Amino acid sequence: MTVQHFSPEGMLRPVPYHHVAVGTGTTHVHVSGQVARQADGTPVAPGDLAGQVAQALRNTAVGLEGAGASFADVLRLTFYVTRWSPEKIGDFMSGVEAVAEEIGLGVPMPPASLIGVEYLFEPDVLVEVEATALLD
């Protein structure tokens, strides 16, 4: 196994991600920030955080697959969400849960960070996802 995910006893629970990932492969895969856009640039789910999270994760899956990887190989996910507030966690997790099985994203997820930002590169972009994976 290239990546092992776990949460040691004594770490905060429950959380929707594992606290630790140990990678033993030699090839690093970095997927740049993915947003809710189709390949031609058409926006997906304008104004809908759950819909944008789902599409950004789908796009991340395409990037991973292009490198011969999958979410099983992911060491870390980073989410950037505009105008974040704790009240948005339900919509955020709805987006993750809506697409997890489709794209092979385990729940709990790999170690992840959710970072609130004021603004991303265009006003309709609510979320961006980055992934780091490790292959043998």
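1. Let's start with the charges: Arg-37 and Asp-124 form a side-chain salt bridge, at 3.0 Å from N to O. The pair links distant parts of the chain, with Arg-37 in the loop between S3 and H1, Asp-124 in the loop between S5 and S6, and 87 residues separating them. Bear in mind that this is a predicted model.

2. Arg-37 has a second partner. Its side chain also meets that of Glu-122 in a salt bridge, 2.6 Å from N to O. Glu-122 sits in the loop between S5 and S6 while Arg-37 is in the loop between S3 and H1, so this pair ties together parts that are 85 residues apart in sequence. Put together, Arg-37, Glu-122 and Asp-124 make up a network of salt bridges.

3. How buried or exposed are the members of that network? Arg-37 is buried, its relative accessible area being 14%. The two acids are a bit different in label: Glu-122 comes out partly exposed at 34%, and Asp-124 is partly exposed too, at 27%.

4. The whole structure has 3 salt bridges, and one of them joins two helices. Glu-102 and Arg-58 meet through their side chains at 2.8 Å, N to O. Since Glu-102 belongs to helix H2 and Arg-58 to helix H1, the pair ties together parts that are 44 residues apart in sequence. Glu-102 is exposed, with a relative accessible area of 53%, whereas Arg-58 is partly exposed at 29%.

5. On to H2 itself. The helix covers residues 89-103, 15 in number, and its first and last C-alpha atoms are 21 Å apart, close to the 21 Å expected at 1.5 Å a residue. Right after H2 comes Gly-104, which has a positive phi, near 75°.

6. What does the buried side of H2 pack against? Its buried residues are Phe-92, Met-93, Gly-95, Val-96, Val-99, Ala-100 and Ile-103. They pack against helix H1 (49-66), strand S4 (74-82) and strand S5 (112-117).

7. Now the largest nonpolar core, which has 30 residues; Leu-57, Phe-71, Leu-77 and Leu-105 touch the most other members. At least two core residues come from each of strand S3 (27-34), H1, S4, H2 and strand S6 (127-135). H1 gives the largest share, 7 residues.

8. Leu-105 deserves a look in your viewer. Setting aside neighbours within four places in sequence, Leu-105 is in contact with Leu-57, Phe-71, Leu-77, Val-96, Ala-100 and Pro-110. Two of these contacts, Val-96 and Ala-100, are among the buried residues of H2.

Terms used:
Residues numbered from 1 in each chain as written. Predicted model: local features only at pLDDT ≥ 70, side-chain atom pairs only at ≥ 80, totals over all residues. Heavy atoms only, no water. Helix = DSSP H or I, 4+ residues; strand = E, 2+ residues; numbered from the N terminus. Expected span 1.5 Å × (residues − 1). Buried < 20%, exposed > 50% of the residue type's maximum accessible area, 1.4 Å probe, protein only. Contact = heavy atoms within 4.5 Å. Core = buried A, V, L, I, M, F, W, Y, C linked by side-chain atoms within 4.5 Å. Salt bridge = Lys/Arg side-chain N within 4 Å of Asp/Glu carboxyl O.
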